[in-house]
Amino acid sequence: MMDQVLIAIVLLISIYMLGSSRLGGLVNAVAWQGLFLCLLAASVQKTNMPWHEWVLILLAIVVKALILPLLLKRALRETLVQREVEPQLGYSLSLFIGLLLLVGSIWTVWKLPLPPEIGNPMAVAIALFTLMVGLLLIVARTKAITQTIGYLTMENGIYVLGLTLAVGSPVVIEMGILLDVFVGVLVMGIMIFNINREFDHINTRHFTALKD
Amino acid sequence: MIFTLFSAPFVSGLLSFVIKRDKVRRALLAFTALAHLLLVSLVSSGPQTVSGWIGADALSQLFLFITSLLFLASSIYTIGYLSSHSQSESQDKRFSREAGFTGCLILFLSMMTLAIISQHISLFWVAIEATTLLSAPLICFQSSARSLEASWKYLLICSVGIAIALIGNIAMAVTCSFGEALKTFPMTFNELARHADLLQKDWLKIAFVFMLIGYGTKMGLAPMHTWLPDAHSESPSSVSALLSGALLNCAFLGILRTNIILNKAGLGDFSAKLLIFFGAASLLMASWFIVQQKDFKRLLAYSSIEHMGILAVAAGAGVNTYFGGMLHAVNHSLTKGMLFMVAGNILNIYKTKSSSDVRGLIRRAPLTGFLWIAGFLSICGVPPFGTFVSEITILTGLGRQHQWLILSLMLASLGVIFVGMSRIVIFMVYGESPLSDEEKGGQRIDYWTILPPLSLFVMILILGLWIPAPLKGLLDQATMILRGY
């Protein structure tokens with residue numbers, strides 16, 4: 001029961017992300033999404049998790065739902081952008097594609113031979129959907145900060161995909177993956193400051209100097 | 001022993017962030033590069049059995065040698081580059097850009113080393129992603145609008161690509177969750193290959209596709225190559241040399257190791273088709289863009305895509321091309337490292353990357369002009385250079401496998417690329433110089449930036465005439481690993 005509710009919440013958040021133009025709202029959404037996805041991953045485990053996995057999930061929540069969103073908020077304040085204007089794909093079109101992606105994810109998971117001990121196949125589908133939404137945000141939006149949010153969404157999806165498919169790596173490596181994601185968003189954030197200083201905006205649509 | 005290989009540069013990289021004096025930091029860079037090469041030689045003289053997450057088998061040793069040699073050349077070049085570019089910077093800044101650059105450069109070496117020696121699929125992923133994060137600041141060292149654009153594209157495209165490879169890792173882990181016997185063993189490339197016939201085949205295919213696309217993005221295979229020309233042309237030349245000669249190889253290593261698992265599981269045909277498809281796409285894409293290229297650093301970048309395509313074809317075509325492929329990886333890295341450094345010298349003389357503005361190089365800077373044309377001949381596979389030997393080996397291997405279609409496609413692209421490049425390079429070297437006589441003379445030779453490409457040139461010349469016995473042994477062992485023994 002618990003996981004059904006969580007799946008619905010995550011689904012709503014992802015759909016909100018596709019339709020929203022307000023960047024502040026988008027950052028909030030990605031934070032809540034990180035939190036609920038981690039809770040979902042914890043709730044679908046059939047067997048009792050060893051304590052170190054609980055620590056890892058807790059750590060992931062702190063990084064993905066607290067530290068990184070705060071960093072992105074700060075980037076928003078410094079660069080003075082509020083809205084994603086003129087996206088590559090319109091909002092209603094993004095929502096429509098999102099719907100197709102949802103159907104596609106459920107269909108994929110339904111078709112795949114899943115390992116026997118998976119708790120809830122819907123959780124796998126929703127992880128896949130989140131991942132797709134992240135990719136869509138990266139290609140459909142033009143602000144560097146929205147693309148960073150898209151990247152974070154994608155990593156959220158992949159993280160939960162790993163957890164719901166019950167394929168834990170050793171703790172050291174899980175920490176390494178989390179650290180990579182953290183530093184990745186950090187470097188992107190620093191670069192956003194530099195881009196803003198150099199170009200007076202963070203719109204990647206105007207990145208046209210390099211092409212063939 | 002093996003741990004010092006990546007932890008020593010890691011510590012020294014962290015150190016160089018805090019060292020205040022430029023001279024000391026540069027000395028540390030050169031010392032780290034030398035020490036790394038020494039450690040690599042020590043490790044490869046040791047035992048070769050690999051167990052656990054970290055270990056250097058023959059395949060690792062081969063790539064370690066390439067990376068370490070290239071890093072040594074590139075770090076000496078970097079010292080010359082930094083000392084001629086950084087006079088304007090004020091000394092009293094708390095955190096100089098140069099310290100950040102040197103620190104990231106050494107940490108980059110450390111993470112490339114970790115990627116090469118890691119046998120665990122997820123550890124490999126962590127290391128490869130870390131190389132992206134550490135090299136992105138290197139690309140925008142000049143902090144111009146163009147280099148920022150290039151490094152944003154690099155960071156975003158490669159991070160997404162490597163995230164896709166992470167899905168591949170998850171899928172690879174799922175292949176083991178269908179039987180009780182498989183649940184306990186560590187996810188290392190070796191163990192997976194040993195139990196390959198027990199793995200779930202559908203998930204194994206999914207894993208390979210995602211890993212090929214993910215690491216292929218980093219390796220620069222078309223059509224995921226779009227970051228590569230920008231990043232290679234906008235970064236400082238020593239960084240371009242490392243990106244092209246060392247980093248692309250690291251990503252390739254991941255694909256190679258996964259391919260071994262697929263071969264063992266009896267899915268060799270499936271992986272071969274995909275590898276050859278992406279290889280052929282890269283060859284075609286590269287020849288198309290090389291013919292109409294106007295920027296000589298981008299020209300080299302597209303040439304890297306071409307050679308990555310050749311490597312992918314060699315990895316896909318099967319047992320007869322493995323040896324040629326490994327030899328080609330060595331030759332390509334050394335040649336491309338040398339070419340990027342020479343390109344940096346040309347850029348330094350003419351202050352432009354447009355090949356139509358560079359004329360009469362051989363009269364203005366004879367040694368640079370000579371190295372440029374020799375490097376061009378070498379990268380196009382003209383005898384007596386090493387690339388000729390390796391390309392011929394790959395081509396005859398393809399013929400022995402009866403892969404006539406891809407053989408003719410590769411020959412055609414090599415021909416087109418040779419013509420396209422020669423048109424650009426010959427005018428650059430021998431064309432009439434637009435500058436007056438007093439501007440021509442007085443090019444001071446900077447030994448820091450000319451000796452590294454010169455010594456790489458000597459190496460590729462030697463490799464074309466004769467493969468030293470230790471290298472031959474290493475190549476043979478690496479080929480055995482690729483065949484799955």
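What share of the contacts in chain B with a separation of 6 or more is accounted for by residues 24 or more positions apart? The figure is 81%, and it makes a good way into this predicted model. Let us start with chain B, then turn to chain A, and finish with the places where the two chains come together.

Chain B has 20 helices and zero strands. Along the principal axes, its C-alpha atoms fill a box of roughly 80 × 55 × 40 Å. You may like to set that against the radius of gyration: a compact globule of 485 residues would have a value near 23 Å, and chain B, with 22 Å, agrees with this. Burial can be read per residue too, and 60% of the 485 residues of chain B count as buried.

For a closer look at one element of chain B, take helix H16, which covers residues 386–400. Its 15 residues reach 21 Å from the first C-alpha to the last, close to the 21 Å expected at 1.5 Å a residue. Several positions along H16(B) are buried, among them B:Val389, B:Ile394, B:Leu395 and B:Leu398. The buried set is not limited to such side chains, as it also includes B:Gly386, B:Thr387, B:Ser390 and B:Glu391. What do these buried residues of H16(B) pack against? Their partners are five helices of chain B: H12 (296–317), H13 (322–350), H15 (366–379), H17 (404–430) and H19 (447–465). Just after H16(B) there is a backbone detail to look for, since B:His402 takes a positive phi of about 60 degrees.

Now to chain A. Here the secondary structure comes to seven helices and zero strands, giving the pattern α-α-α-α-α-α-α along the sequence. The radius of gyration of chain A is 17 Å, close to the 17 Å that the globule rule gives for 212 residues, so chain A is as compact as a globular protein of that length. Its C-alpha trace spans about 50 × 35 × 35 Å along the principal axes. Buried residues make up 45% of chain A. As for contacts between residues at least 6 apart in sequence, 79% of those in chain A join residues at least 24 apart.

Helix H2 of chain A, residues 23–43, is worth following from end to end. At 1.5 Å a residue, its 21 residues should span 30 Å, and the end C-alpha atoms are indeed 30 Å apart. Of those 21 residues, 15 are buried, so H2(A) is largely enclosed by the rest of the structure. A:Leu40 shows what surrounds one position: leaving aside neighbours within four places in sequence, A:Leu40 is in contact with A:Asp3, A:Leu6, A:Ile7, A:Val10, A:Ala123 and A:Val160.

A:Leu40 also leads us to the nonpolar core. In soluble globular proteins, nonpolar side chains tend to be buried together. The largest nonpolar core here has 244 residues, and A:Leu40 and A:Leu161 touch the most other members. The largest share of this core, 20 residues, comes from H6(B).

That brings us to the interface. The contact takes 33 residues from chain A and 32 residues from chain B. On the chain B side, helices H5 (121–139), H6 (145–174) and H9 (227–234) each supply at least two residues. Which of the helices gives the most to this side of chain B? It is H6(B), with 17 residues. By character, the chain B residues that touch chain A divide into 21 nonpolar, six polar and five charged.

Terms used:
Residues are numbered from 1 along each chain as its sequence is written. Chains are lettered from A and ligands numbered from 1 in the order in which they are written. This is a predicted model: local features need pLDDT of at least 70, side-chain atom pairs count only at pLDDT 80 or more; totals for chains, interfaces and linings use all residues. Helices (H or I, at least four residues) and strands (E, at least two) are DSSP runs, numbered from the N terminus. The radius of gyration is taken over C-alpha atoms; the globule rule is 2.2 Å times the number of residues to the power 0.38. A residue is buried if 20 or more other C-beta atoms lie within 10 Å of its own, exposed if 12 or fewer, and partly exposed in between; C-beta atoms are placed from the backbone. Two residues are in contact if their C-beta atoms, placed from the backbone, lie within 7 Å. Ala, Val, Leu, Ile, Met, Phe, Trp, Tyr, Cys and Pro count as nonpolar, Asp, Glu, Lys and Arg as charged, and the others, Gly among them, as polar. The expected span of a helix is 1.5 Å times one less than its number of residues. A nonpolar core is a set of buried Ala, Val, Leu, Ile, Met, Phe, Trp, Tyr and Cys residues joined through C-beta atoms within 7 Å.
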